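Visitor: I have a structure open and want to learn how to read it. Where do we start?

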Amino acid sequence: MLDDKRQSGKFRDATNEWLQSFAVDDVKCLVVCRGPVRTEALDIFESMGIEAAGILLSEKDSIVYPRSLAPELRSIEDVHTVHRIQDYMGSGQEEKVERIDEIIQIVISNGYTHVFAGYGFMAEDADFIETVENAGLSFIGPSSSVCRIAGAKDEAKKLARGLGNAVIPGVDDISARALLKKAADRKALEALAKANSLEYKYNDAVDLAENAEQLLLAGYRATTELVTIEDLQEAAGVVAGEMWDDYPSHRIRFKHIAGGGGKGQRVVEKPEDVASAVMDVLAEVKMTAPGSNRNFLVELNIETSRHNEIQLIGNGDWSLSLGGRDCSVQMHEQKLLEVSLTKELLEDALVGLKGVAAETVKGDIETLARMEAESERFGVATGLNSVSTFECIVDGTNHFFMEMNTRIQVEHGVTELAYALKFTNPDNSTQCFYVEELIEAMVLLAVHGSR
């Protein structure tokens, strides 16, 4: 942190009690991810005064990558803080449960108090995070409840629509539609649940589609397959055909609810490609095993667009947007370049412009303001208690909510180049501190969130 004179230091060494009260020395954190974010996290932990931190080392780390690609291993003095594991999450639901249990045992047996998962899939896996929480541990990142509400793309779209946010046209309940093709009314749903010995009760307070989704969730919990891949391929073909009737010049995008980083999605141009695209999506996110949650979105592919994302931070009560990032320069759905997108930078760019150029930048300022307002509203609705990214597709001055990534992202440094956070003592306005790194903010939220 930086103190009120913008001098770097540790909270425990501060000159006043209020700053000292934010110390995090008691944190002992296990980092359960690989890559540059692991090194970044360890460096930030050390700068904050967290002296006890460990890492997982999978067989892939050990065998596929040479040690030179993990420089943090060379700086770790205590070899007992490096814990070996076969894999992080396994290749299917059964292996995933085994790996999670193994990780939790490592955390408990070594006295760790917190878990940090970087920007990999584990960072927004609600099952993993909930297991951490149920073990009496703290997760440095959004809680499992936030991930369940906002991390699953289908649930996030429903929430966004309910808040009045702009959303890409499409459907987010393809699995429920496939199930209703087989069990088209209450009696059929109840019979299917009974035949599979599932804990399920029809809810008269919601519609048939929502009841179908609740039955699917019961099936996922029991790893019982209620909808086959063939069922999903058929349902996707029907929905895509209806969308092509309305939008004949557009392509259709399939996107798995747990995908990210370009994985778990395919763009389909013609009906004969639907079946193979569905299989490719499911295989890429390792959701082919029976009982897996295979739900994916079927949405209009916005052909001439920009990809903008808003950095969010919250403590469970409030949510604050930290400007955005323009990540439109991509190749194969992978971002190549990101640019800080803030009101201040756009207003600076507007100076001296006239005509079409001025109107374009003014439109961008207004669009950014709408995205930031909608993102904060979304963050409050989900109870966001860490950092997340609100992602949008922008077409001219129109924007559409795409998804919420409930984790730190690779590109968080682009936001850190533009903004810092200032926290002021509510009882003494002369006392304050600054946070310039989002991972440091995540730690403070995990330990002192209510403050």
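**Helices and strands**

Guide: This is a predicted model. Start with helix α2 (residues 36-48), which lies across β1 (28-31), β2, β4 (114-116) and β5. Against β2, α2 runs at about 170 degrees.

Visitor: What is the order of the strands in the sheet?

Guide: Read it from one edge to the other: β3-β2-β1-β4-β5. The sheet is open, has five strands and pairs them in parallel.

Visitor: Which strands stand at the edges?

Guide: Look for strands with a single partner. Here they are β3 (82-85) and β5 (138-140), so one side of each has no neighbour in the sheet. Neighbouring strands are turned by 25 degrees against each other on average, ignoring direction.

Visitor: How many bridges join β2 and β3?

Guide: Strand β2 (residues 52-58) pairs with β3 over four bridges, in the parallel sense. Leu 57 stands opposite Arg 84 in β3.

Visitor: Now a helix pair. At what angle do the axes of α14 and α15 cross?

Guide: Follow each helix from N to C, then compare directions. Helix α14 (residues 343-350) and helix α15 (residues 355-382) have axes that come within 10 Å and cross at roughly 170 degrees. Angles over 145 degrees count as roughly antiparallel, so α14 is roughly antiparallel to α15.

Visitor: Is that crossing left-handed or right-handed?

Guide: The crossing of α14 and α15 is left-handed. From α14, Lys 343, Leu 346, Glu 347 and Leu 350 make the contact. From α15 come Ala 358, Val 361, Lys 362, Asp 364, Ile 365 and Leu 368.

Visitor: How do the residues of that contact divide?

Guide: Six are nonpolar, four are charged and none is polar.

Terms used. Residues are numbered from 1 along each chain as its sequence is written. This is a predicted model: local features need pLDDT of at least 70, side-chain atom pairs count only at pLDDT 80 or more; totals for chains, interfaces and linings use all residues. Side-chain values use heavy atoms; hydrogens and water are left out. Axes are lines fitted to C-alpha atoms, for helices over the stretch in contact, and angles run from 0 to 180 degrees between N-to-C directions. Helices (H or I, at least four residues) and strands (E, at least two) are DSSP runs, numbered from the N terminus. Angles under 35 degrees count as roughly parallel, over 145 as roughly antiparallel, 65 to 115 as roughly perpendicular and the rest as oblique. A crossing is left-handed if the near helix is turned anticlockwise from the far one by less than a right angle, and right-handed if clockwise. Contact means heavy atoms within 4.5 Å. Ala, Val, Leu, Ile, Met, Phe, Trp, Tyr, Cys and Pro count as nonpolar, Asp, Glu, Lys and Arg as charged, and the others, Gly among them, as polar. Two strands pair if DSSP finds at least two bridges between them.
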